[in-house]
Amino acid sequence: MNDISTSNFGLLIAYAIPGFIVVWALQGWWPGVSVNAAALPSLLAFLNSTVAAIAAGMAVSAVRFVLVDSFHHATGLRRPAWNGRAVQANLDAINTAVQQFYRHYQFHSNTLVALAVALVLYRLDASVGIGWLDAGWLLLILVFWVGARNNLARYYEYLTSILTPSEILMTNGMHHDVPAPQATNGMHPEKPKPEESKPASDGAKREQTQEGAKPAAATTS
């Protein structure tokens, strides 16, 4: 039951809450959309608003994946690469990392996207100039940005720590337990030189001369 509650909480903060922010911002632009409980005439209207919030949260998550994730990866946060065997062997640990870090990253990053959408819609409909409210809104977006980056970095670090070195793939396609060929400054390793024959001694030369003379003497006889 604890696992189910944790999973539901993660999905709630990752999609539903950012979606409600977008639906709230769209109230003046989309007739029939409302998150005000006093304005809901029936349970069906509440369900419609909930479904709209979930749909908006999924849309916000797609925007986050394209923009925020790409920016984080382009500015130093690199997603660890691992093979399918490593994932199967560490499913429980990876699920823990998702619930503790990645769901919170989704909440912070999806919420900052939702807040940015709400700020744009507010400025398009506002009759006053830019003031302290806009500054506070931008500061809130910045806080969520820092929180999102921190959670994503901790998520990647946790994944790297639970995978053994042999399970993490290197960028050159080789495993850590397979040593890469060492460079030799552009030179091929030298082949072993054949052993040089030593000059025969005088005694060996005389023995070779006598052995060669024996067949010749046998022929003349």
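**Group meeting: a walk through a helical model**

Let me begin with the pocket. Three helices, α1, α4 (91–125) and α5 (132–162), each give at least two residues to the lining of the largest pocket. Please keep in mind throughout that this is a predicted model.

Which helix gives the largest share of that lining? That would be α4, with 5 residues. The full lining is W24, A25, Q27, G28, W29, A118, L119, L121, Y122, D125, L133 and W137. Sorted by character, these lining residues come out as 9 nonpolar, 2 polar and 1 charged. As for volume, the largest pocket comes to about 220 Å³.

Now let me step back to the whole chain. It has 6 helices and 0 strands, so to speak in plain notation, the pattern along the sequence is α-α-α-α-α-α. There are 221 residues in the chain, and 30% of them count as buried. If you take the contacts between residues at least 6 apart in sequence, 80% of them join residues at least 24 apart.

Next, the core. The largest nonpolar core has 36 residues, and the ones touching the most other members are L112, L115, W137, I141, L152, Y155 and L159. At least two residues of this core come from each of α1, α2, α4 and α5, and α4 supplies the largest share, 13 residues. As general background, nonpolar side chains in soluble globular proteins tend to be buried together.

You may have spotted W137 twice already: it is in the pocket lining, and it is among the core residues that touch the most other members. It comes up again with L115. Leaving out residues up to four places away in sequence, which ones does L115 touch? They are I21, W137, L140, I141 and F144.

On to the aromatic rings. Searching the whole structure gives 7 aromatic pairs. One of them is F101 with Y158, a tilted pair with 5.7 Å from centre to centre and 50° between the planes. Why does this pair tie together parts that are 57 residues apart in sequence? Because F101 lies in helix α4 and Y158 in helix α5. Are the two partners buried or exposed? F101 has a relative accessible area of 9%, so F101 is buried, being under the 20% cut-off. Y158, at 26%, is partly exposed. There is also a cluster linked by ring pairs, made of Y102, Y105, Y155 and Y156. Y155 is another name you have heard before, from the list of core residues that touch the most other members.

I'd like to finish with two single residues. The first is L26, which sits in the loop between α1 (2–25) and α2 (43–74). Its relative accessibility is 22%, so L26 counts as partly exposed. In sequence, L26 and V117 are 91 residues apart, while their C-alpha atoms are 9.3 Å apart in space.

The second is N150, in helix α5. N150 has a relative accessible area of 41% and is therefore partly exposed. How far is its C-alpha atom from that of H108, 42 residues away along the chain? The separation is 9.9 Å.

If you open the structure afterwards, you could start with α4, which gives the largest share of the pocket lining and also of the core. Thanks, everyone!

Key
Residues numbered from 1 in each chain as written. Predicted model: local features only at pLDDT ≥ 70, side-chain atom pairs only at ≥ 80, totals over all residues. Heavy atoms only, no water. Helix = DSSP H or I, 4+ residues; strand = E, 2+ residues; numbered from the N terminus. Buried < 20%, exposed > 50% of the residue type's maximum accessible area, 1.4 Å probe, protein only. 1 Å grid on protein atoms, 1.4 Å probe; cavity = no way out; pocket = protein on both sides within 12 Å on 5 of 7 lines; lining within 4 Å. Points joined across faces, edges and corners; volume = space filled by probe spheres on them. Nonpolar A, V, L, I, M, F, W, Y, C, P; charged D, E, K, R; others polar. Core = buried A, V, L, I, M, F, W, Y, C linked by side-chain atoms within 4.5 Å. Contact = heavy atoms within 4.5 Å. Phe/Tyr/Trp six-rings, centres within 6.5 Å; stacked < 30°, edge-to-face > 60°.
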